[in-house]
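This briefing goes through one protein chain, from its charged pairs to its overall build. Please keep the sequence and the structure at hand while reading.

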Amino acid sequence: MDQQLATLVDQTVSALELDLEAIDLTPAGNKRVLRIAVDRDGGVGIDHIIDATRALSEALDASDVMGSQPYTLEVTSRGVDRPLTEPRHWRRNSGRLVRLRLADDSSIDGRIGDSDETGVEIQGRSTSQRLTYDQIATALVQTELNRKDA
């Protein structure tokens with residue numbers, strides 16, 4: 001990923017008080033697709049996506065970071081399929097069901113409880129435990145269609 005592109009995108013979404021979660025630039029025939037994922041406390045709504053798309057389009061058009069090859073810009077929310085990797089991800093998903101694979105290769109399913117900059121409480125059916133982020137190899141939020149206490 002070109003550092004100038006990453007810097008421009010990060011500065012543009014930060015000015016909208018959004019967090020940059022991912023930049024993906026992929027070839028698509030004779031064009032490219034630039035996918036930008038954003039997030040924020042309280043979630044990202046369609047208005048945030050529209051504002052980010054407009055601001056990014058203007059910033060990219062005003063610079064030469066994308067060169068002359070045509071591209072399509074797509075701005076999306078972070079989505080639940082992305083792993084939890086930052087303390088803010090844990091905070092924003094408090095109460096959600098998560099599947100963890102730990103550094104020792106064991107796995108745990110539970111609800112995300114209190115979290116801070118160093119770790120998270122995972123609430124199981126009968127017990128809860130505090131884990132530091134370095135104990136967690138991967139963490140994915142699980143989709144719940146019929147959650148009774150939501």
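**Salt bridges between strand and helix**

Glu21 and Arg88 form a salt bridge, in which the closest N and O atoms are 3.0 Å apart. This pair links distant parts of the chain, since Glu21 lies in strand E1 and Arg88 in helix H3, 67 residues apart. The model is a predicted one, and the values below are computed from it. The points that follow start with the charged pairs, go on to three individual residues and end with the chain as a whole.

**Charged pairs and their surroundings**

- Glu21 has a relative accessible area of 18% and is therefore buried, because the cut-off for a buried residue is under 20%.
- Its partner Arg88, with a relative accessible area of 23%, is partly exposed.
- A salt bridge also joins the side chains of Arg92 and Asp19, with an N to O distance of 2.3 Å.
- Because Arg92 belongs to helix H3 (residues 87–92) and Asp19 to strand E1 (residues 19–28), this pair ties together parts that are 73 residues apart in sequence.
- Arg92 counts as partly exposed at 23% relative accessibility, and Asp19 is likewise partly exposed, with a relative accessible area of 24%.
- Arg99 and Asp109 meet through their side chains in a salt bridge, at 2.9 Å from N to O.
- The Arg99 and Asp109 pair links distant parts of the chain, with Arg99 in strand E4 (residues 97–102) and Asp109 in strand E5 (residues 107–115), ten residues apart.
- Arg99 is partly exposed, with a relative accessible area of 44%, and Asp109 is partly exposed as well, with a value of 41%.
- Salt bridges with shared partners join Asp19, Glu21, Asp39, Asp41, Arg78, Arg88, Arg91 and Arg92 into one network.
- The structure holds 14 salt bridges; in general, side chains of opposite charge can pair when their charged atoms come close.

**Arg78, a buried member of the network**

- Arg78 is found in the loop between strand E3 (71–77) and H3, and at 8% relative accessibility this residue counts as buried.
- The side chain of Arg78 makes a polar contact with the side chain of Glu21 at 3.4 Å, and the Arg78 side chain also reaches the backbone oxygen of Pro83 at 2.3 Å.
- When neighbours within four places in sequence are left aside, the residues in contact with Arg78 are Glu21, Ala37, Val38, Asp39, Pro83, Leu84, Thr85 and His89.

**Arg35 in strand E2**

- Arg35 is located in strand E2 (residues 31–39) and is partly exposed, with a relative accessible area of 35%.
- Although Arg35 and Ile23 are twelve residues apart along the chain, their C-alpha atoms are separated by 5.8 Å.
- Not counting residues up to four places away in sequence, Arg35 touches Ala22, Ile23, Asp24, Thr26 and Glu74.
- Two of these residues take part in side-chain polar contacts with the Arg35 side chain, namely Thr26 at 3.3 Å and Glu74 at 3.0 Å.

**Gln142 after strand E8**

- Gln142 lies in the segment that follows strand E8 (136–141), and the side chain of Gln142 reaches the backbone oxygen of Leu140 at 3.0 Å.
- Leaving aside neighbours within four places in sequence, Gln142 is in contact with Arg96, Leu97, Val98 and Arg99, and Arg99 is also the salt-bridge partner of Asp109.

**The chain as a whole**

- The chain has three helices and eight strands, which run from the N terminus in the order α-β-β-α-β-α-β-β-β-β-β.
- The C-alpha trace spans about 60 × 30 × 30 Å along its principal axes.
- Of the 150 residues in the chain, 31% are buried, and the chain exposes about 9,200 Å², with carbon and sulfur atoms supplying 45% of that area.
- Among the contacts in the chain with a separation of 6 or more, 50% are between residues 24 or more positions apart.
- The chain carries 18 positive and 26 negative charges, and the mean positions of these two sets are 6 Å apart.

Key: Residues numbered from 1 in each chain as written. Predicted model: local features only at pLDDT ≥ 70, side-chain atom pairs only at ≥ 80, totals over all residues. Heavy atoms only, no water. Helix = DSSP H or I, 4+ residues; strand = E, 2+ residues; numbered from the N terminus. Buried < 20%, exposed > 50% of the residue type's maximum accessible area, 1.4 Å probe, protein only. Contact = heavy atoms within 4.5 Å. Areas by Shrake-Rupley, 256 points an atom, 1.4 Å probe, with all protein chains shown as cover. Lys, Arg positive; Asp, Glu negative; His and termini not counted. Charge placed at Lys NZ, Arg CZ, Asp CG, Glu CD. Salt bridge = Lys/Arg side-chain N within 4 Å of Asp/Glu carboxyl O. Polar contact = N/O pair within 3.5 Å; in protein donor to acceptor, adjacent residues only side chain to side chain.
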